[in-house]
Amino acid sequence: MTDDWRFLKEVYSYNDLPNDSIPEFIFWGRSNVGKSSLINLLTKKKIAKTSKTPGRTKSLVFFQFKSSFRIVDFPGYGFSKINKEKIELLDDLIEKYLTSRSNLKELFLLIDSRHGLKPIDITILDLLGNISYRNINLIFTKQDKLKSLQSKKNLENLEKELKKKSYKKIFHTSINDVNGIVILKKFLLKSLNEREFE
Ligand SMILES: Nc1nc2c(ncn2[C@@H]2O[C@H](COP(=O)(O)OP(=O)(O)OP(=O)(O)O)[C@@H](O)[C@H]2O)c(=O)[nH]1
Ligand SMILES: [Mg+2]
């Protein structure tokens, strides 16, 4: 039920993180890749703020389903209008979160299907590898914008390239493809041992 989803809080500092053990899923990736839009598709609610211009999400934004789990909308990387000091604080918060959050279930790294893996995505994947974070999944977004056969070919090459990196699963999503969302939801539920959230 959409009513069972609620905005919980926006977090800017480590001490402000929810202080309990409710499982959490992170959605991360370059600015504008579609993190907040995907959260709205999953929750079937306009719960996360989206924008045509990159740099919309500027904190860790927590959304909660009943008292059973949370989705965390991460600020995008690779673009920011936020000043340098604030970026450093956010980087610090994200690093602490990733290294110490025991209720973090899975991390989803979103990649724009049209642009593929950018050097900054590789840096993030390597950073996650360095801190030995294992539950990484990749989501190729904006599949609807992939038109030509050539772009699809590029995507296949990209998936081959990714074989060298460590991640668990790859998902494909698009704002007009219900199936991709259903597959993603099933994965979330499986990792929670829950039966449903609609
Ligand atoms: N065509 C298409 N556009 C999409 C899709 N997903 C998101 N968008 C658009 O991409 C833009 C950015 O979406 P957001 O969800 O705000 O992106 P974000 O990753 O949260 O961006 P930041 O908060 O700035 O890091 C918006 O204009 C969305 O409507 C998709 O699957 N297909
Ligand atoms: Mg966002």
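Visitor: Which residues are the closest to ligand 1?
Guide: Ligand 1 has 22 residues around it. A residue joins that count if its C-beta atom, placed from the backbone, lies within 6 Å of the ligand. The closest are Gly34, Ser37, Thr50, Thr57 and Gly76.

Visitor: Before we go on, what kind of model is this?
Guide: Residues are numbered from 1 along each chain as its sequence is written, while chains are lettered from A and ligands numbered from 1 in the order in which they are written. Local features need a pLDDT (the predictor's confidence in each residue, from 0 to 100) of at least 70, side-chain atom pairs count only at pLDDT 80 or more, and totals for chains, interfaces and linings use all residues, since what you have here is a predicted model.

Visitor: Where in the chain is confidence lowest?
Guide: The chain averages a pLDDT of 87, with 92% of the residues scoring at least 70. Confidence is highest in β4, at 97. At the other end, with a mean of 70, is helix α4 (residues 149-162).

Visitor: Back to the ligand. Which element gives the largest share of the shell around ligand 1?
Guide: Elements here are DSSP runs numbered from the N terminus: helices are H or I with at least four residues, strands are E with at least two. The largest share of the shell is three residues, and they come from helix α1 (residues 35-43).

Visitor: By class, how many residues in the shell around ligand 1 are polar?
Guide: Ala, Val, Leu, Ile, Met, Phe, Trp, Tyr, Cys and Pro count as nonpolar, Asp, Glu, Lys and Arg as charged, and the others, Gly among them, as polar. The shell has four nonpolar and six charged residues, and the polar ones number 12.

Visitor: How many residues of α1 are buried?
Guide: Buried means that 20 or more other C-beta atoms, placed from the backbone, lie within 10 Å of a residue's own; 12 or fewer makes it exposed, and in between it is partly exposed. The buried residues of α1 are Lys35, Ser36, Ser37, Leu38, Ile39, Leu41, Leu42 and Thr43. Of the nine residues in α1, that is eight.

Visitor: What is the phi of Lys44?
Guide: Lys44 follows α1, in the loop between α1 and β3 (60-65). Lys44 is partly exposed, because 13 other C-beta atoms lie within 10 Å. Its phi is positive, in a residue other than glycine, and lies near 55°.

Visitor: Then what about the phi of Lys66?
Guide: Lys66 is in the loop between β3 and β4 (69-73). It counts as partly exposed because it has 13 C-beta neighbours inside 10 Å. The phi of Lys66 is a positive value too, near 45°.

Visitor: How far does helix α3 reach from its first C-alpha to its last?
Guide: Helix α3 covers residues 119-130, 12 residues in total. The expected span is 1.5 Å times one less than the number of residues, which comes to 16 Å for α3. The model's helix is close to that, at 16 Å.

Visitor: Within what arc do the buried residues of α3 fall?
Guide: The buried residues of α3 are Asp121, Leu125 and Leu128. Seen down the axis of α3, they line one face of the helix because of how narrowly their directions fall. The arc, taken over the directions from the helix axis to the C-beta atoms, is 60°.

Visitor: Which residues are exposed on the other side of α3?
Guide: An α-helix has 3.6 residues a turn, so residues three or four places apart point the same way. The buried residues of α3 are covered by elements including β5 (104-112) and β6 (136-141). Exposed on the other side are Pro119, Thr123, Asp126 and Asn130.

Visitor: Which residues does Leu117 touch, leaving out those up to four places away in sequence?
Guide: Leu117 is in the loop between β5 and α3 and is buried, because 20 other C-beta atoms lie within 10 Å. Contact means C-beta atoms, placed from the backbone, within 7 Å of each other. Leu117 touches Ile111, Ile122, Leu158 and Glu161.

Visitor: And how far apart are the C-alpha atoms of Ile131 and Leu38?
Guide: Ile131 is in the loop between α3 and β6, and it counts as exposed because it has 10 C-beta neighbours inside 10 Å. Ile131 and Leu38 are 93 residues apart along the chain, and their C-alpha atoms are separated by 26 Å.

Definitions and conventions. Two residues are in contact if their C-beta atoms, placed from the backbone, lie within 7 Å.
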